[in-house]
Amino acid sequence: MDAPADVLTWIDSQHDRVVELVCRWASINSHTDNLPGLARMADVLQDAFAPLGGTLKRHALPPREVVDRHGNVARQPVGQALSIVKRPDATRRVLLCIHMDTVYPADSPFQEVTWIDNDTLRGPGVADAKGGIAVILLALEAFERSDVAEGLGWEVLLNPDEEIGSPSSIDLLQQAARRNHVGLVYEPTLPDGTLIGQRKGSGNFTLVVRGRSAHAGRAVDEGRNAIHLLAELIGQVAALHGARPGLTVNVGIVEGGSAVNRVPDMAIAHLNVRVEHAEDPALFVSQLDSIVAEANARDGFHVERHGAFFSPPKPLDPPTQRLLETIADCGRGLGLDIKWQSSGGVCDGNKLAAAGLPNVDTLGPRGGDIHSPREYLIVPSLCERAKLTASLLMRWARGDDWVTG
């Protein structure tokens, strides 16, 4: 057994408290664009983590770039990140991170936490990822009670913009990756406890087409219809779907036009692209830029391409494989049969891996239906996953199965 029985018993004794924390945190709307809500969330998390000791810091982040409805690039503020660092000079250092933002806007009807049954909570962010934050807190509280805590340094990073790709916290993530030896990320695991090993990469792009307005009856041929051209471009981009194994294209938002009797002079499309292989991002961007260049050769039109790949693919490389096997071994000591599979989803684990930090990114609680008004948390998994992390940290603090050693 990696964790002494008294530590595991203590985690179980905290069940009611940790459930209450998740309910309280999920009742705070912390949508990525809700800056007051994120500030309140950071305040309560600061209070929750402060008793662990270490150096606690709030990080102001640079604004993110967005393309507004007029096709202009604007800078939009984001919330603050929160970090806690303890024993930074230890010879073995672990990063534990997850996001505090959610996908549910402040005006979403999905705001309340309710019980589905005795073991299941429904609410905004209960699994993704307020429950993950609670697992980190409980695991570290247990670890710091152990007699081996001095053998391991740790850093917690809670960012406010992961749900939009972490554009403003990417530097913090990369810096933390360089300071630590291994990363643990607390996205929710699948409902049956399966972890994610390999992940696709993801990019967000915007196409802005500018044409020439004209009267749709008197002078339709004098105009240059931006929507018509955008429709052609969407077809060309959609044709790239499946052009490489695992490459997917999803045009998710289209905007344009103001009246049916006016030739529209602007149209905008926002799209998401997923790829499996390291060389695919550059290949896709090259193809997209060729499509844009051909469109710009047409009389009276101007097309702009914005965006990039914000998360590279995350392969199941040998260090990650070894880390997963160590976690599975810890799980066996707790009576858990832990497996893993690949996913088309992305998270901050992609960015940490690209920065050279081996990591597993689904160590949060079991849950499902995330990003929907049916999001749920399997409540017993809060203590279950806290035991798993505490067991892992104690094993590493003793120098056993250290991922880089």
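Why does serine 381 count as buried? Its relative accessibility is 0%, so serine 381 falls in the buried class, which is defined as under 20% relative accessible area (exposed is over 50%, partly exposed in between; 1.4 Å probe, protein chains only).

Before the tour continues, note that this is a predicted model, in which local features need pLDDT of at least 70, side-chain atom pairs count only at pLDDT 80 or more, and totals for chains, interfaces and linings use all residues. Residues are numbered from 1 along each chain as its sequence is written, and side-chain values use heavy atoms, with hydrogens and water left out.

**First stop: serine 381.** Select helix α10, residues 381–397, where serine 381 is found; helices (H or I, at least four residues) and strands (E, at least two) are DSSP runs, numbered from the N terminus. Then add Pro365 and Arg366, which serine 381 touches when residues up to four places away in sequence are not counted; contact means heavy atoms within 4.5 Å.

**Second stop: the cores.** Select Trp25, Leu45, Phe49 and Trp396, the residues with the most contacts inside the largest nonpolar core, which has 86 residues. A nonpolar core is a set of buried Ala, Val, Leu, Ile, Met, Phe, Trp, Tyr and Cys residues joined through side-chain atoms within 4.5 Å. Around leucine 45, display Trp25, Leu82, Met100, Ile133 and Leu158, which it touches, residues up to four places away in sequence not being counted. Apart from the largest core lies another of 25 residues, among them Leu229, Leu240, Val285 and Val303.

**Third stop: strand β15.** Select residues 266–275; nine of the ten residues of β15 are buried. Strand β11 (residues 201–210) pairs with β15 in the antiparallel sense over ten bridges, and leucine 207 has alanine 269 as its bridge partner. β13 also pairs with β15 in the antiparallel sense, over eight bridges, with glycine 256 opposite alanine 267. Two strands pair if DSSP finds at least two bridges between them.

**Last stop: the second largest pocket.** Select Arg69, His70, Glu255, Gly256, Gly257, Ser258, Arg262, Pro264, Asp265, Met266 and Ile268, which line the second largest pocket. β13 (248–256) and β15 are the elements that give two or more residues to this lining. A pocket, on a 1 Å grid over the protein atoms alone, is an open set of points where a 1.4 Å probe fits, with protein on both sides within 12 Å along at least five of seven lines; lining residues have an atom within 4 Å of a point.
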